[in-house]
Amino acid sequence: MMALSCSEARDLASDLLDGELGPELERAVDEHVTGCPTCPALYRALLAVHHKLKRLRHEHEEEPREGGSPV
Amino acid sequence: MLTEDELTACIESRRGRLTRMAASMLADAAEAEDVVQESALRALRGRKGFRSEADVCSWFQRICINTCREVARKRSSEQNRLEAARREELWRDPGYSVDPEAVAVALESGERLRDALASLTPDQRLAVLMHDLQGWKSREIAENSGLPLPTVKSHLRRGRQALVTLLAEPAR
C-alpha cells in the first residue's frame, strides 16, 4: 500500500476533486486523509471552495457560448 | 494566407468572452477591453506569420491569454510573490490546518472571494478562473497559453490551496 505524506496527499486532493486520479492513488489519498489529524479539515475546505466555484460556473453557463470554445 | 476579414471575424466572435475572461483576471473592465484590443492589434500585425494548419480563433485566443498574463504579471508586486511563497510553505507543513467552517462562511461573501482571487499569483488566477469558473480542461489551458500541462496543473493546485488559506484567514 502506498503511504503518502501530508504534502503529497494535499496536492493529489486537487486532482481527486477533478476525478483525475487512478483507483490506487484515490485509495492512498483517502487512507491518508482518514488517518491524518490535519488534512481532513483542509480537504473539506478545498471541497467547499471547489463547490462554490462550480456553482458560480453553472450560473455563468446560462450565458450563450461563442464559437464552441469554453472561453 | 489568413485574410484580414477572416481574422477580424474571429476577433469579433471571441471579443465578448475574452473581455470577460480578462476582466476576471485583472479585476478591471476598462483594462480588460484594452488587453483584448491590444491582442487584436498584435494578431493583425502578426497575421502573416500565422500557420495555416492552426485554428485561427485558437491562435487569437492564445495571443489574448498571453497578453493578459503579461499585464497581470507587470501589476503583481514583490509583496504578492512573497505572500504566495508563504502560503505554499504553509501547505507543506504537516501541522498546518484550517477551520473549514470559517472558509464556508467566507465563501458566502462575494467580496471575500473576489479579494482572494485577486491575491493569487497571475498564473494561479488564470488556472483557477479558466478551469473552475469557465470550465476549460487543464489540457485546453495548456494548449491556449503555451504553458506545459504539468505547470498548469500545479498552478491550479496551488491556486486552490491559496484560496483556502486566504479565506480561512480573518478578513482584512
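**Group meeting: a two-chain predicted model**

Chain A has three helices and zero strands. Along the sequence, that gives the pattern α-α-α. This is a predicted model, and its scores are ipTM 0.85 and pTM 0.84.

I will stay with chain A for a moment. It has 71 residues, and 30% of them are buried. Taking the contacts in chain A with a separation of 6 or more, 53% are between residues 24 or more positions apart.

Now chain B. An assignment splits chain B into domain 1, residues 4-75, and domain 2, residues 78-168. The C-alpha centres of these two domains of chain B are 24 Å apart. Where they meet, 12 residues of domain 1 are in contact with 11 residues of domain 2. On the domain 1 side of that meeting, H1 and H3 of chain B each give at least two residues. H3(B) has the largest share there, with eight residues. By type, that side of domain 1 consists of five nonpolar, four polar and three charged residues.

As for confidence, chain B has a mean pLDDT of 91, and 100% of its residues reach 70 or more. Looking at the elements of chain B, the lowest mean pLDDT is that of H1(B), at 89, and the highest is that of H9(B), at 97.

Next, the interface between the chains. How many residues of chain B are in contact with chain A? There are 33, and they meet 25 residues of chain A. Several helices of chain B each supply at least two residues to this side, among them H1 (4-26), H3 (56-75), H4 (78-92) and H5 (100-107). H7 (122-133) and H9 (149-168) of chain B do so as well. Which helix gives the largest share of the side of chain B that touches chain A? That is H9(B), with seven residues. The side of chain B facing chain A is made up of 17 nonpolar, eight polar and eight charged residues.

That brings me to the core. The largest nonpolar core has 59 residues, and those touching the most other members include A:Ala45 and A:Val49 from chain A, and B:Ala22, B:Cys68 and B:Val103 from chain B. B:Val164 and B:Leu167 belong to that group too. Both domain 1 and domain 2 of chain B give residues to this core, so it lies between them.

B:Val103 is a useful residue to click on. Setting aside neighbours within four places in sequence, B:Val103 is in contact with A:Ala45, A:Ala48 and A:Val49 on chain A. Within chain B, and with those neighbours again left out, B:Val103 is in contact with B:Val98, B:Val164, B:Leu167 and B:Ala168.

I will finish with two loop residues of chain B. B:Ala27 is in the loop between H1 and H2 (29-46). Its phi is near 55 degrees, a positive value in a residue other than glycine. For context, most residues other than glycine have a negative phi. Is B:Ala27 buried or partly exposed? B:Ala27 counts as partly exposed, because it has 15 C-beta neighbours inside 10 Å, and a buried residue would need 20 or more.

The other one is B:Lys137, in the loop between H7 and H8 (138-145) of chain B. B:Lys137 is partly exposed, with 14 other C-beta atoms within 10 Å. From C-alpha to C-alpha, B:Lys137 and B:Ala127 are 9.7 Å apart in space, and they are 10 residues apart in sequence.

Key
Residues are numbered from 1 along each chain as its sequence is written. Chains are lettered from A and ligands numbered from 1 in the order in which they are written. This is a predicted model: local features need pLDDT of at least 70, side-chain atom pairs count only at pLDDT 80 or more; totals for chains, interfaces and linings use all residues. Helices (H or I, at least four residues) and strands (E, at least two) are DSSP runs, numbered from the N terminus. A residue is buried if 20 or more other C-beta atoms lie within 10 Å of its own, exposed if 12 or fewer, and partly exposed in between; C-beta atoms are placed from the backbone. Two residues are in contact if their C-beta atoms, placed from the backbone, lie within 7 Å. Ala, Val, Leu, Ile, Met, Phe, Trp, Tyr, Cys and Pro count as nonpolar, Asp, Glu, Lys and Arg as charged, and the others, Gly among them, as polar. A nonpolar core is a set of buried Ala, Val, Leu, Ile, Met, Phe, Trp, Tyr and Cys residues joined through C-beta atoms within 7 Å. Domain bounds come from an automatic or database domain assignment. pLDDT is the predictor's confidence in each residue, from 0 to 100.
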